[in-house]
Amino acid sequence: MFTAEELRQTKIFVCLDEAECARLTQTVADVRLKPGEWLFREGAPPSFHVMLEGRLPIVLDVHGKQTEYTEREVEQGDFLGEVPLLMGTPTFGSLRAQTSCRIARLDKQQFHHLIRDSKEARTLILETLGERLLLIQQRTLSLPTSRVLIFGRNRDANCHNIRTFLSANRIPYEWVDRDSHPERVPAGVSDDPDCPAVSVDGQLFIEPPTTREVAEALQLQTMPNRDSYDVVIVGAGPAGMAAGVYGSSEGLRVLIVERCAAGGQAGTSTRIENYLGFPEGISGEDLTGRGFKQATRFGAEVALTRSVEKLTPSSEAYFCEFDGGQSVSARAVVLATGVDWRRLEAKGEDRLLGRGIFYGAARHEATNVVGKKVFIVGGGNSAGQAAMFLSSYAAEVKLLVRGEGLKLSMSQYLIDQIASKANIQVLALPRSFQFPAKIAWNELRLVCKRLMRWKR
């Protein structure tokens, strides 16, 4: 508990009279931190904090990389939290104690009482707010727009696997057309049109790297840190991430193994509106990004670009062998492998994969369909979410669905949204209709034309 004399040692409270300070001593939280402890993390509900002792460096998540800014430390006498409180937003950075700290914390109601009842405190807070908004603007303009640059010519073909991996892991990248912007191409890059180059945080790959090499260059975890775990979870979709959160929060040593990115199919959803707790909806990548942060904050490890190739049980543990030969032991193994897309067996599909044919509606491909016609095969919620998202880019979006329509396979809120979009058309096919197991592309085009005529 603070005394009035202790509070009045800070510039924000020195302007208060003795009665006001005495009132605060009865209500404010006395927060004490040891070195390394977090005051709050990015995205937490905001509060107003006044530093009485210690130093707190600001930690920001910059394009998926935790960066500590010691030049922006919160020191004795400083206050913070007024920006998110007055702007109505969650906290946009994290604070971790560098030394032992003692902090006075005011909740939202106490903060508004402070600025209402004290003209001097209100003036100081609003002046500081203006300065900090300017600093935020300057900092935003100085940040790189991406951590990865891809130097290529044919965007449809070049580095499709890398672009998919980056998008799925929420790592922004920039495509640099070597013909349009030759001045941006680093020295030493091959002029071979079939050999794009990639730069990750300034590290240049003359030849296209593997996704694992990209992950390692981004300092993402790709290898287990231990030889044994309590639980190994295969798959980092929603089920795998949930198992990781629940296991690690109970103190278990947890390893999650994922071939591509956390989120699975849910991570590709552009808008999820029927998930409990998000009345305004949430994107799949935001939902799974939060799950990833939650699991890792509890201590779970997530090894990306790895797959479990072999499970060998013994009397005391399971031995999990990864691609590349490394293995770990676990007392329990959770298989949360999700589903794979059912692939077309059309002739030429492999050649066109990523160049017109996509399994799942990746957000980063939306700009490639501007003004074009898009066909979506399927009538589930994922198809509906993709149709709504792509309708803002494509000239026409056509949903091909078996049966009488969408009512048996799609949530009503999505059906209503699709009906409101003039450029989305639902093509309901007879349930008896079957695409041939193998079909040439010229035959597939004829089938689509016949379906269009039949629908009219």
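The secondary structure of this protein adds up to 13 helices and 21 strands. The model is a predicted one. Taken along the principal axes, the box that holds the C-alpha atoms comes to roughly 85 × 60 × 55 Å. The chain runs to 456 residues, and 42% of them count as buried. About 24800 Å² of the protein is exposed, with carbon and sulfur atoms supplying 51% of that area. As for how the chain meets itself, take the contacts with a separation of 6 or more: residues 24 or more positions apart account for 66% of them.

Three helix pairs are worth walking through. Two packed helices are described by the angle between their axes and the distance between the axes, and each pair below is introduced that way.

Start with α4 and α5. Helix α4 covers residues 108-117 and helix α5 covers residues 119-142; their axes come within 5 Å and cross at roughly 110 degrees. Angles of 65 to 115 degrees count as roughly perpendicular, so α4 and α5 fall into that class. On the α4 side the contact is made by Phe111, Leu114, Ile115, Arg116 and Asp117, and on the α5 side by Lys119, Ala121, Arg122 and Ile125. Sorted by class, the residues of this contact are five nonpolar and four charged, with no polar ones.

Next come helix α8 (residues 238-249) and helix α9 (residues 284-297). Here the axes come within 8 Å, and the crossing angle is roughly 25 degrees. Under 35 degrees counts as roughly parallel, and α8 and α9 are therefore roughly parallel to each other. The crossing of α8 past α9 is left-handed. Met241, Val245 and Ser248 are what α8 brings to the contact, and they meet Gly291, Phe292, Gln294 and Ala295 of α9. By class, that gives four nonpolar and three polar residues, and no charged ones. An α-helix has 3.6 residues a turn, so residues three or four places apart point the same way.

The third pair is α11 (residues 381-390) with α12 (residues 412-419). Their axes lie 10 Å apart and the helices pack at an angle of about 30 degrees, so α11 and α12 are again a roughly parallel pair. This crossing, too, is left-handed, with α11 passing α12. From α11, Asn381, Gly384, Gln385 and Met388 take part, and they meet Tyr413, Leu414, Gln417 and Ile418 from α12. The contact splits into four nonpolar and four polar residues, with no charged residue in it.

Helix α11 deserves a second look for its burial. Eight of its ten residues are buried, so α11 is largely enclosed by the rest of the structure. The buried stretch is made up of Ala383, Gly384, Gln385, Ala386, Ala387, Met388, Phe389 and Leu390. Besides α12, these buried residues pack against three strands, namely β19 (373-377), β20 (396-402) and β21 (424-429).

A few single residues round out the picture. The loop between α7 (211-217) and β13 (228-234) holds Gln219, and Thr222 sits in that loop as well. Gln219 is exposed, at a relative accessible area of 60%. Thr222, on the other hand, has a relative accessible area of 5% and is buried. Leaving out neighbours within four places in sequence, Thr222 touches Arg212, Ala215 and Glu216, along with Ala303, Leu304, Thr305 and Arg306. Gln219 also has a backbone quirk: its phi is near 65 degrees, a positive value in a residue other than glycine.

Asp201 is another non-glycine residue with a positive phi, of about 50 degrees. Asp201 belongs to the loop between β11 (197-200) and β12 (203-205). With a relative accessible area of 36%, Asp201 is partly exposed.

Finally, Asp350 is part of helix α10 (residues 349-352). At a relative accessibility of 61%, Asp350 counts as exposed. Asp350 and Tyr413 are 63 residues apart along the chain, and 35 Å separates their C-alpha atoms. Tyr413 is one of the α12 residues in the contact with α11.

Definitions and conventions. Residues numbered from 1 in each chain as written. Predicted model: local features only at pLDDT ≥ 70, side-chain atom pairs only at ≥ 80, totals over all residues. Heavy atoms only, no water. Axes fitted to C-alpha atoms, helices over the stretch in contact; angles between N-to-C directions. Helix = DSSP H or I, 4+ residues; strand = E, 2+ residues; numbered from the N terminus. Parallel < 35°, antiparallel > 145°, perpendicular 65-115°, else oblique. Left-handed = near helix turned anticlockwise from the far one by under 90°. Contact = heavy atoms within 4.5 Å. Nonpolar A, V, L, I, M, F, W, Y, C, P; charged D, E, K, R; others polar. Buried < 20%, exposed > 50% of the residue type's maximum accessible area, 1.4 Å probe, protein only. Areas by Shrake-Rupley, 256 points an atom, 1.4 Å probe, with all protein chains shown as cover.
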